[in-house]
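Student: Could you take me through one part of this protein slowly, the way you would at the bench with the model turning on the screen? I would like to start with one pair of helices and then see what lies around them.

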Amino acid sequence: MLTLLSATLLCAFAFYFTTRQSGVKGLPEVQGWPFVGNLLQLRRARSFSNKLQSWSRKYGPNLLVKLGRRPVVVCNTFDGICDFWIKNQTSLISRPELHTFHKVVCSSEAFTIGTSPWDQSCKARRKAAATALNTNAVRSYVPAISREINDALREILTDSRRGVNAMAPKMYMKKFVLNVSLTCSFGTRISTVRDELLKEIVDVEEALTRYRSHTNNLQDYLPFLRWLPSASSDAKAYSERRDAYMNRLIGQIKSDIKEGTDAPCSVGQVMKDPAFSFNDVEMMSLSITLLSAGLDTIPANLVQAIAVLCSKQGRMIQQDLHSEIMAHYPTLEQAWHGVVSEEIVPGLASFVQEVLRFFSVVPMGFPRTNVEPVQLGDIRIPQNTWFYMNSRSGNFDPAAYSQPEEFQYRRFAENKVPQTGPPMRHFGYGAGTRACVGFHLANRLMYGFMGRLILGWEMQAQSEVDIDPETYNTCPSSLVAEPKDFLCSFRLRQEAADEVQTLVQ
Ligand code: HEM
Ligand SMILES: *[C@@H]1O[C@H](CO)[C@@H](O)[C@H](O)[C@H]1NC(C)=O
Ligand SMILES: CC(=O)N[C@H]1CO[C@H](CO)[C@@H](O)[C@@H]1O
């Protein structure tokens with residue numbers, strides 16, 4: 001009798017918890033379980049993005065799923081994403097607060113811009129970041145970018161003993177991006193303290209991004225788990241370590257500006273701009289954002305770009321791109337500088353965008369919420385609903401891209417891409433009012449790095465490379481893809497060997 005009673009009670013309880021009214025009308029809903037909704041189905045699948053894509057084939061392009069009690073709208077096609085993220089961009093302008101990330105990790109309330117709900121402060125910080133990362137600003141970072149690319153290439157040259165030894169590119173890409181992010185956000189003076197900082201930053205930033213997973217942090221969706229202390233104390237410790245080195249970096253750039261010894265850099269530009277007046281918490285948010293936003297996204301793309309060049313079709317791509325770059329410049333030296341100071345070689349620019357599309361290293365975007373109700377035909381979504389962009393699925397939509405599952409490095413140069421949508425014509429940088437503000441810088445870094453690599457080296461894999469978009473990512477549950485490492489031999493191009501060794505100095 002008692003068991004029956006408690007079972008009934010439990011069911012009622014479960015029912016109450018799972019039938020939270022989403023208020024969403026007109027979207028197919030995927031059948032889930034009491035308490036957890038679709039969370040376990042999604043966590044059990046190899047990848048969140050794949051599972052949602054396969055549901056969308058069955059139920060329709062836009063879905064309603066439940067993560068715990070939380071209803072989430074998921075868009076899986078090119079047009080579906082455009083309808084919400086672009087046509088309704090004024091509605092979808094905010095971001096949800098995640099328990100783990102906002103209440104625990106960012107105890108100092110210094111959210112990054114990419115995780116801040118929309119308000120006056122977020123608006124001002126976003127504008128400041130966008131200004132410090134626009135095309136003019138990127139131009140002023142070119143000397144620093146050029147030096148960092150050369151540093152990285154020189155390190156590869158030395159460590160591979162001029163191409164004799166094969167090496168694993170991943171660690172070099174991570175170090176390069178950290179180096180260049182430090183320089184572009186805080187300026188050159190940092191180099192005096194930077195070597196000791198590097199390892200600390202890598203450790204902390206890697207740990208902290210894990211707390212931003214869509215599915216790893218169950219306590220984000222299942223509130224009762226928050227009573228267990230476990231993960232929280234770890235997260236707090238990392239967050240304090242981050243505050244420590246960020247304060248040090250901010251202090252350094254402040255004194256550089258005072259002494260007039262600062263180099264062009266994004267945090268410095270924001271500090272010096274009279275149009276902005278930020279308090280310490282906002283300055284911390286900006287600094288964390290500008291330093292960390294590219295740390296996992298850019299290396300993932302660079303590693304996969306090299307993997308493609310090492311693949312079976314890659315030999316031909318290396319040859320083609322090399323000839324195309326050289327056709328734009330009279331000498332190797334001019335090409336060497338040109339690929340960092342401008343982006344005028346269509347094939348190389350297209351190659352970079354195809355890497356972004358094909359590997360979709362942020363497969364599920366960053367979550368959004370709408371600040372006002374969205375009405376789209378029969379679909380009605382109340383305000384403060386969560387939205388996930390299945391950007392990987394949108395980037396492979398056959399209605400938008402012909403043969404989407406083929407890597408066609410000239411796809412963007414030949415304009416075989418949709419004529420609508422986000423500026424770069426794929427969802428690698430998101431879309432709409434909260435799309436990536438760092439894309440000019442990211443494009444330039446990847447274009448410049450790959451350009452110089454192609455000019456000076458011939459790359460060949462010494463172990464298997466995985467360029468299958470379904471399997472290259474070893475950690476599909478994290479926010480940003482983690483590619484496999486592989487062995488690659490970087491051999492100097494015979495005809496250019498001497499000159500390249502001078503140019504990287
Ligand atoms: C290849 C490299 C990069 C990729 C793939 C990437 C991707 C993304 C994506 C998918 C979003 C979410 C967009 C949305 O919600 O629609 C985003 C937001 C953002 N990105 Fe990037 N990003 C990259 C590099 C950078 C860099 C280098 C910076 C700055 C230094 C940066 C700064 C930002 C900021 C500030 C946001 C938040 C914008 C907002 O919430 O208003 N990103 N990025
Ligand atoms: C990173 O910067 C350090 C100097 O602080 C330099 O010695 C190193 O070669 C750079 N590494 C890469 C891969 O860019
Ligand atoms: C609030 C808002 O912008 N709603 C728009 C969303 O997109 C549809 C389709 O373009 C429009 O009809 C709505 O007005």
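**A close look at α16 and α19**

Tutor: Happily! α16 and α19 run roughly antiparallel to each other, because the angle between them is over 145 degrees. One caution before we go further: this is a predicted model. The angle at which α16, residues 332-341, packs on α19 is about 160°, and the two axes lie 7 Å apart.

Now look at the side of each helix that faces the other. From α16 come L332, A335, W336, V339 and V340, and they meet Y447, G448, G451, R452 and L455 of α19. Sorted by class, this contact has seven nonpolar residues, two polar ones and one charged one.

R452 deserves a pause. This residue sits in helix α19. R452 counts as buried because it has 24 C-beta neighbours inside 10 Å, and the cut-off for buried is 20 or more. Setting aside residues up to four places away in sequence, R452 touches W336 and V339, and also I149 and L153. The partners W336 and V339 belong to the α16 side of the helix contact. L153 takes us to another part of the sequence: 299 residues separate it from R452 along the chain, yet their C-alpha atoms are 8.6 Å apart. That fits a wider pattern in the chain, where 77% of the contacts between residues at least 6 apart in sequence join residues at least 24 apart.

Next, follow the chain back from α19. The loop between α18 (391-395) and α19 holds C436. An unreviewed UniProt entry lists C436 under "binding site". In the model, C436 is buried, since 23 other C-beta atoms lie within 10 Å of its own. Its contacts, not counting residues up to four places away in sequence, are Y429 and G430.

C436 also leads us to ligand 1. There are 29 residues around ligand 1, and the ones that come nearest are A293, G294, G430, C436 and G438. G430 therefore appears twice in this part of the story, because it touches C436 and is also among the nearest residues to ligand 1. α19 is one of the helices that give at least two residues to the shell around ligand 1, and the others are α6 (120-132), α13 (280-292) and α14 (297-310). α14 gives the most, with three residues. By class, the shell around ligand 1 has 16 nonpolar, ten polar and three charged residues.

A quick look at another ligand gives you some context. Ten residues lie around ligand 2, with A152, E155, K175, F176 and N179 coming nearest. At least two residues of this shell come from each of α8 (142-159), α9 (169-186) and α10 (191-210), and α9 has the largest share, with four. This shell divides into three nonpolar, two polar and five charged residues. The range of α8 takes in L153, the residue we met as a contact of R452.

To place all this in the whole chain, there are 20 helices and eight strands, and buried residues make up 47% of the 505 residues. R452 and C436 are both counted as buried. So the route to trace on your screen runs from the α16 and α19 contact, through R452 in α19, and back to C436 in the loop before that helix.

Methods
Residues numbered from 1 in each chain as written. Chains lettered and ligands numbered in written order. Predicted model: local features only at pLDDT ≥ 70, side-chain atom pairs only at ≥ 80, totals over all residues. Near = placed C-beta within 6 Å. Nonpolar A, V, L, I, M, F, W, Y, C, P; charged D, E, K, R; others polar. UniProt positions renumbered as here; feature names shortened; annotations may be inferred. Buried ≥ 20, exposed ≤ 12 C-beta atoms within 10 Å, placed from the backbone. Contact = placed C-beta atoms within 7 Å. Axes fitted to C-alpha atoms, helices over the stretch in contact; angles between N-to-C directions. Parallel < 35°, antiparallel > 145°, perpendicular 65-115°, else oblique.
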